[in-house]
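Visitor: I've got a model open on my screen and I'd like to learn how to read it. Could you walk me through it?

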Amino acid sequence: MGRFMARRLAFFLVTLWMTSVMIFLLVRVLPGDVARVILGRDASETQVEAKREELGLNDPLFVQYFTWITDFVRGDWGESFAFRGQDIRELVTQRLVNSARLGLISMLIAIPVSITLGVIAGLTEGKLPDNLISVFSLSVVSLPEFVTGLFLINTVALKWADNPIAEKIGWFPSSSAVRADASFRDALPSLWLPAIAATLVLLAYIARLTRAGVIEEKKSEYVRTAVLKGLPYPVVIFKHILRNALLPTVTVIAISTGWLISGLVVIEFVFGYPGLGSLLITAIERRDLPMIQAVVMVTVSVILIANFVADLLYAALNPRITLN
Amino acid sequence: MQFFTPTPTLVGLRRSLKAVGKFARELFSRPPTAAGTLTVLFFLFLAVFGPQIAPYPDPNFQKNPSQEAPTLNLREFRLGDYPFGTDRLGRDVFSRVILGTRSIFRAAGLGTLIAVIVGTFVGLFIGYQGAWVDEIVGRIIDAILAIPALLLALVIIGIIRNLNFEPNSWQSEVADNAVLIVIAIVYAPIVARVVRSATLEIKSRQFVEAAQIRGESPLYIIFREIFPSVIPALVVEGALRFSYAIFLVASLGFLGFGARPPSPDWGLMVSENRGGLYALTPWALEYPAGAIALLVIGVNLMSDGIKRTVQKSG
């Protein structure tokens, strides 16, 4: 186990480092003048040159990278261009907390629902419930987040005179534009609708994988033995099938943070929720390069940590992995 | 002696045509796959012949822009009228949905094609070469894949767009095709990884060893011996990538990072017609959103069917 953990940790650190190089190169080396981008078209040549000097853009590239990454690791992420003078780290952590709230609520809804759907589909393979669930998850997966988000806003939340559904359940606000520093309790009412939209992103993936796991375990020898031994069906399902079938599900839940984050970018934009995704879009629109770097670094770190945790969890639940 | 001996290439051509025919027959034998494939072909048809079909081939045609109130005219479905209504600027939604197919197929289809070609070359090469080349390129691919596709696409497009270029220079060409290029950049590493693992598996087979002993050049072995065996995995991956690409192009358009207004881009149409004005012209949002959903479902069903067919025959 120790050697396995060390290997995964090394992999995690190497990937994180390479990604940081990638992000740096992406933002700094793409053709064009960063100082000119910041100052805009009207700035004079001397102003641009002064800005270049100030930002250290005249240094060799590896010096620039080294300065950036050491400052980043130390926690000095610089000041935002777009949000005048604000400390980037404060802004990013605040938005990260907001996104994490949204992500956690959607996971709390998505995981039980999708595992239940997946188990039902797996147990009734090829029959009506399975087909219904397959069609449902395929159509949910096919709808982009902004389509489901807008659909939810327009059917459930907007209270027009002629919208009976919204009138009946009028407690969902149509916009989630809460203050960025709102407490969890204040933000909660406006979290439900975006969380449901984000849930749909995860639902199909987790359900499909659980279904496959259940079908595979159902065919195994030990399950047949248990059934032939005369054990009651619920016992076979919960004690035998699910224990092994849910193993890959644990991993996919951790890995799906990547999908969830992509989905959240769009969903936060649709609902106007002040999370990391909407911060990134603002940063890109306002040419806030240090902010872009910071947001992408934080996002990638979250994803890589989730993958690392998934590896460890999987190994802890399935000792066969570490033996090889 | 025969008068006509078919050349090896002709035999090969006929054989691959036969294989494609068999593949298509199997694809259409399952109803969901057939439905999905037909949907995709339908949209492809619209993408090619859109300007000839659309009642208003100019996407920005406004009929008396100042007087025209938004209309929905579904009860009298007449071509040449406004079957899907008009948006708030008085533009025909039906024509704009039809004309929008071309841009989504161009960005998603061409982008995927480039990703598949580049990814195949890289994957074959690093898979066959192995050793340190594989190790280094593999790590770089891992690093790229750690960034979610949408984020990577947003950052690249955002940066390309913020640069000022001379009109008609090659840089401005690049900026205009940013979405297409981004699709290729984002998906090429994924394709490369799939091709690499397929290559690793095939490399150890005996016919490859035989070719090596015969003294064939590495290029010959990669393209004549290994590449044909990689094709099934490649077809499956390409179809899957295409469905993700359509999704991504639509999302980018919606976020304002795809086509610029006034282009008839589906995602852009949805975002232009949402918000407070929704109550005024809901149909201007619903039809492009429906078109996106229909196309993605179609492509998903098709790629699912392709996967099944390939797995069954391979």
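Guide: Sure, starting with secondary structure: helices (H or I, at least four residues) and strands (E, at least two) are DSSP runs, numbered from the N terminus. Here chain A has 17 helices and 0 strands, while chain B has 11 helices and 0 strands. Before going on: this is a predicted model, where local features need pLDDT of at least 70, side-chain atom pairs count only at pLDDT 80 or more, and totals for chains, interfaces and linings use all residues. Residues are numbered from 1 along each chain as its sequence is written, chains are lettered from A and ligands numbered from 1 in the order in which they are written, and side-chain values use heavy atoms, with hydrogens and water left out.

Visitor: What share of chain A's residues is buried?

Guide: Buried means under 20% relative accessible area, exposed over 50%, and partly exposed in between (1.4 Å probe, protein chains only). Of the 324 residues in chain A, 48% are buried. For the 314 residues of chain B, the figure is 48%.

Visitor: And which residues touch the most other members of the largest nonpolar core?

Guide: A nonpolar core is a set of buried Ala, Val, Leu, Ile, Met, Phe, Trp, Tyr and Cys residues joined through side-chain atoms within 4.5 Å. This one holds 145 residues, and those touching the most other members are A:Val92, A:Phe146, A:Met291, B:Leu154, B:Leu252 and B:Trp266. Helix H16 of chain A (residues 289–317) gives the most to this core, 13 residues.

Visitor: What does A:Phe146 touch?

Guide: A contact means heavy atoms within 4.5 Å. Leaving out residues up to four places away in sequence, A:Phe146 touches A:Val266 and A:Val270, plus chain B residues including B:Phe254, B:Val270 and B:Ile292.

Visitor: Now the outside. Which residues form a nonpolar patch on the surface?

Guide: Patches are made of residues with over 30% relative accessible area and no salt bridge (a side-chain nitrogen of Lys or Arg within 4 Å of a carboxyl oxygen of Asp or Glu). Like charges are joined within 9 Å, nonpolar side chains (Val, Leu, Ile, Met, Phe, Trp, Tyr) within 5 Å. Accessible areas come from the Shrake-Rupley method with a 1.4 Å probe, and for residues only the protein chains shown count as cover. The members are B:Leu110, B:Leu113, B:Ile114, B:Ile117, B:Val118, B:Phe121, B:Val122, B:Leu219 and B:Phe223, with about 770 Å² of accessible area together. H3(B) supplies the largest share, 7 residues.

Visitor: Why does B:Ile117 count as partly exposed?

Guide: Because its relative accessibility is 45%. B:Ile117 sits in helix H3 of chain B.
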